[in-house]
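Open the model in your viewer and keep the sequence panel in sight. The tour goes stop by stop.

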Amino acid sequence: QVQLVESGGGLVQAGGSLRLSCAASGRTFGSVAMGWFRQAPGKEREFVAAINWSGGSTNYVSSVKGRFTISRDNAKNTVYLQMNSLKPEDTAVYYCAASRIPEHGGTYNYWGQGTRVTVSS
């Protein structure tokens, strides 16, 4: 079983930055892909970014490319989402998710409780 705890959300002005963290329990963290998703009010949850087990491969939704960076520290069992040049449309609850396979692109089986990000204009 994997437990995920997100932190780092908050209120920020447009153009600002935030760094989200996701601390994972379990011995398999370093061998599985991790992802970030978000759900805006009244919308379905959407994929934001993913990273493979080693950190050597990443993927992003087009709307955040060049602004967000996903990274991981396997020694700390933590995955990060650095968010720069934030826009009001980035406002959402952000969720961390863990896969059961090393490479991203598959399904995610474990989810955190989410952390809220609000970007004011």
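Which residue in β3 is the bridge partner of V5? Select A23 to see the answer: V5 bridges to A23. Bear in mind throughout that this is a predicted model.

**Stop 1: the open sheet**

Stay with that pair and widen the selection. β1 and β3 (residues 18-24) pair in the antiparallel sense, over 4 bridges. Another of the contacts to pick out is S7, whose bridge partner in β3 is S21.

Now go back to A23 and look to its other partner. A23 stands opposite T78 in β8. That takes you to strand β8 (residues 78-83), which runs antiparallel to β3 and is joined to it by 6 bridges.

Colour the whole sheet next. It is open, has 4 strands and follows the order β1-β3-β8-β7, with antiparallel pairing. At the edges are β1 (4-7) and β7, each paired on one side only. From one strand to the next, the twist averages 15°. Strands of a sheet pair through backbone hydrogen bonds, so display those to follow the pairing.

Before leaving, colour β3 by accessibility. The strand is mostly covered, with 5 of its 7 residues buried.

**Stop 2: I70, on an edge strand**

Select I70. This residue lies in strand β7, which spans residues 68-73. Is I70 buried or exposed? I70 has a relative accessible area of 4%, so it counts as buried.

Show what surrounds the side chain. Leaving aside neighbours within four places in sequence, I70 is in contact with ten residues to display: M34, W36, A49, A50, I51, T58, Y60, V79, Y80 and L81. Pick A50 from that list and draw a distance. The C-alpha atoms of I70 and A50 are 6.9 Å apart, although their positions lie 20 residues apart along the chain.

**Stop 3: S99, in a loop**

Jump to S99. You are now in the loop between β9 (92-98) and β10 (110-111). S99 has a relative accessibility of 5%, so this loop residue is buried.

Add the polar atoms. A polar atom of the S99 side chain lies 3.2 Å from the backbone oxygen of T107. Not counting residues up to four places away in sequence, S99 touches V32, A33, T107, Y108 and N109. Keep Y108 selected for the next stop.

**Stop 4: the aromatic cluster**

How many aromatic pairs does the structure hold? There are 4. Start with F37 and Y108, which meet edge-to-face, 5.3 Å centre to centre and with 75° between the planes. F37 lies in strand β4 (residues 34-39) and Y108 in the loop between β9 and β10, so the pair ties together parts 71 residues apart in sequence. Both F37 and Y108 are buried.

Step from Y108 to W111. Their ring centres are 6.5 Å apart and their planes stand at 65°, so this pair is edge-to-face too. Compare the accessibilities: Y108 is buried at 14%, whereas W111 is partly exposed at 30%. Add F47 to complete the view: F37, F47, Y108 and W111 form one aromatic cluster.

**Stop 5: charges over rings**

Stay on W111 and show R45. R45 lies over the face of W111, at 3.8 Å from the ring centre. Finish at F29, where R72 lies over the ring face at 4.5 Å from the centre.

Note on methods. Residues numbered from 1 in each chain as written. Predicted model: local features only at pLDDT ≥ 70, side-chain atom pairs only at ≥ 80, totals over all residues. Heavy atoms only, no water. Helix = DSSP H or I, 4+ residues; strand = E, 2+ residues; numbered from the N terminus. Buried < 20%, exposed > 50% of the residue type's maximum accessible area, 1.4 Å probe, protein only. Contact = heavy atoms within 4.5 Å. Polar contact = N/O pair within 3.5 Å; in protein donor to acceptor, adjacent residues only side chain to side chain. Pairing = 2+ DSSP bridges. Axes fitted to C-alpha atoms, helices over the stretch in contact; angles between N-to-C directions. Phe/Tyr/Trp six-rings, centres within 6.5 Å; stacked < 30°, edge-to-face > 60°. Lys NZ or Arg CZ within 6 Å of the ring centre and 35° of its normal.
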